[in-house]
Amino acid sequence: MIRILHSVSNMDRAGIETMLMNYYRHIDREKIQFDFLCNKKKPGAYDDEIIKMGGRIFHSPGLNPIKYFEYMKFIKKLISEYPEYKIVHAHNGAFGVYSLHGAKLAGVPIRIFHAHGASITKDWKLPLKLICKSRLNSNMNQHWSCGIESAKCYFGEKTVRNNDYLLIHNAIELDRFVFNMKVRADMRSKHKLEDKIVIGHVGRFMVQKNHKKLLEVFGEIHRLEQYAVLVLLGDGELEDEIKNYADKLGIRNYVMFMGNVSNVNEWYQAFDVFVLPSIWEGLPVVGIEAQTADLPCVFSSGITRETAITENASFVALDEENHVWADIILDKAKKASRVDRTADIRKAGYDIELEAKKMQDKYLELLKEL
C-alpha cells in the first residue's frame, strides 16, 4: 500500500475537502491510502471518518510567512519520520508552495500541485500570494487541475495548449444527489417549506462566496414574492456578520441559517433553485451536485462556464443590478419538473466511481516511473 500526503486547510465540509473525501471513499484503500497535512489547527468535520478509514492527520505550524522556517523544519521532520511518502499533493492555491518546497527539500520525488481556483483573490494577502505563485513551478513536477480555467490561471496558456496537465473532475456520488421526489417531500414537510419558494445556497461564509450580494438579491426577491425563503448551508468566519446584515435588510425572518450540515444532498431536493453568486471559483463541487439534482442554477460571472452541464444553468454578471438577479432567480424557480440527470453528469466526467479509478491509476503510474 502507498500513502499520499495531501496538503489542505483543514478537513471541514468545504469544496476542496469534500472533493478529496469523495475520491478517498472510492479509491482502493488496500492499494492507496490518503493522509492529510492540515494547515489550520481547527478540527475538521471529516476527521473521524478519515481516522476510521485508516488515514492520518497532521497539523503544520500554519501557512504564515513568519513561520516559514518553522514550517520547513516541520516538513523535513515529518518526511524523515514517514519516508514512505513519495507523493505530496498540494491543494492550497498559491500557498501550496509551502508544502511543495518542503517536500522538495526533503527529497520527495513526486510533487503534485492541484489547481482549484480560476483566479487569485485580491485581498491584503495578494502580494504574498503572487510571490508564492511565482515559486510554484520550480517546486512542483506534476500539474493537476479541476478545470481548464484553473489550469490556465496557475500553469499558463502554453501548458494548457500542450495539454501538459491532468484534468481531475470534481466528481461526486451520483446516486446520492439524483432527484428524489420522496426526499423532497419529506424535507419540505420537516422544515415547513411546503408552500414556499425555496432558494438555496451552499458555501462557507467568506468574502469569496459573496453572501452580502445574495442577501441583497433575496431582499428584492422577497419584495416580489412573500412566500420566498432563502436557505444557507455552511459556516465560516463571516457568519455573524452576514446574520447581522440580514437583520439590517429586514429579511432575517425569511433566511434559514442551517450551519454545516451532513445532508446537503437532501437539501438539494428541497430547493427550487440554487444560487451561487461567488466573486470567483474554479469549478465548484456544489454546482455539479445541484445540477445532478436537476436544480435550476443561477451562477455569477465569476464562476467558470465549464460548470454548466445542463441547460438549466445560467450565468449573471456580478455587477448586474439586484432586481435583474431577482427576476432571473424567480423565473428559474418556476421550473415545472425535475428528472434523473445521471447520464448527463456521467457523460460530462463527474461520476466518482470512474474518476477515482483514473486518479488511482495515475498515482500508481507515477510511482512506477521512479
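This briefing covers helix packing, nonpolar cores and selected residues. The structure is a predicted model. Its largest nonpolar core has 62 residues, and a second, separate core has 30 residues. Two helix pairs are described, α10 with α14 and α3 with α4.

**Nonpolar cores**

- Within the 62-residue core, the residues with the most contacts are Tyr23, Phe34, Trp267, Tyr268, Phe271, Phe274 and Tyr363.
- Helix α16, residues 352–368, supplies the largest share of this core, with six residues.
- Tyr23 touches Phe34, Ile168, His169, Ala171, Ile352, Glu355, Ala356 and Met359, leaving out residues up to four places away in sequence.
- Among the residues of the second core are Leu37, Met72, Val97 and Phe155.
- As background, nonpolar side chains in soluble globular proteins tend to be buried together.

**Packing of α10 and α14**

- Helix α10 spans residues 211–224 and helix α14 spans residues 322–333; their axes lie 8 Å apart at an angle of about 65°.
- Angles of 65 to 115 degrees count as roughly perpendicular, and α10 and α14 are therefore placed in that class.
- The crossing of α10 past α14 is right-handed.
- On the α10 side the contact is made by Lys213, Glu216, Val217, Glu220, Ile221 and Leu224.
- The α14 side contributes Asn322, His323, Trp325, Ala326, Asp327, Ile329 and Leu330.
- By class, the residues of this contact between α10 and α14 are seven nonpolar, two polar and four charged.

**Packing of α3 and α4**

- Helix α3 (residues 68–81) packs on helix α4 (residues 97–105) at an angle of about 50°, with 9 Å between the axes.
- The two helices, α3 and α4, are therefore oblique to each other.
- Their crossing, α3 with α4, is right-handed.
- Tyr68, Tyr71, Met72 and Ile75 of α3 meet Tyr98, Ser99, His101, Gly102, Ala103 and Leu105 of α4.
- The contact of α3 with α4 contains seven nonpolar residues, three polar residues and no charged ones.
- Met72 takes part in this helix contact and is also one of the residues in the 30-residue core.

**Asparagines in loops**

- Asn163 is in the loop between α7 (157–161) and β7 (166–167).
- Phi of Asn163 is positive, near 55°, in a residue other than glycine.
- Asn163 has a relative accessible area of 56% and is exposed, since the cut-off for exposed is over 50%.
- Asn210 lies in the loop between β8 (197–202) and α10.
- Asn210 also is not a glycine, yet its phi is positive, at about 65°.
- With a relative accessible area of 16%, Asn210 is buried; the cut-off for buried is under 20%.
- Asn139 sits in the loop between α5 (126–136) and β6 (142–145).
- The relative accessibility of Asn139 is 5%, and Asn139 therefore counts as buried.
- Leaving out residues up to four places away in sequence, Asn139 touches Val97, Leu100, His101, Lys104 and Arg111.
- Val97, one of these contacts of Asn139, is included in the 30-residue core.

**Gly259**

- Gly259 lies in strand β10, residues 255–259.
- The relative accessible area of Gly259 is 16%, and Gly259 is buried.
- Apart from neighbours within four places in sequence, Gly259 is in contact with Leu232, Leu233 and Gly234.
- Leu167 is 92 residues from Gly259 along the chain, and the C-alpha atoms of the two are separated by 32 Å.

Definitions and conventions
Residues numbered from 1 in each chain as written. Predicted model: local features only at pLDDT ≥ 70, side-chain atom pairs only at ≥ 80, totals over all residues. Heavy atoms only, no water. Axes fitted to C-alpha atoms, helices over the stretch in contact; angles between N-to-C directions. Helix = DSSP H or I, 4+ residues; strand = E, 2+ residues; numbered from the N terminus. Parallel < 35°, antiparallel > 145°, perpendicular 65-115°, else oblique. Left-handed = near helix turned anticlockwise from the far one by under 90°. Contact = heavy atoms within 4.5 Å. Nonpolar A, V, L, I, M, F, W, Y, C, P; charged D, E, K, R; others polar. Core = buried A, V, L, I, M, F, W, Y, C linked by side-chain atoms within 4.5 Å. Buried < 20%, exposed > 50% of the residue type's maximum accessible area, 1.4 Å probe, protein only.
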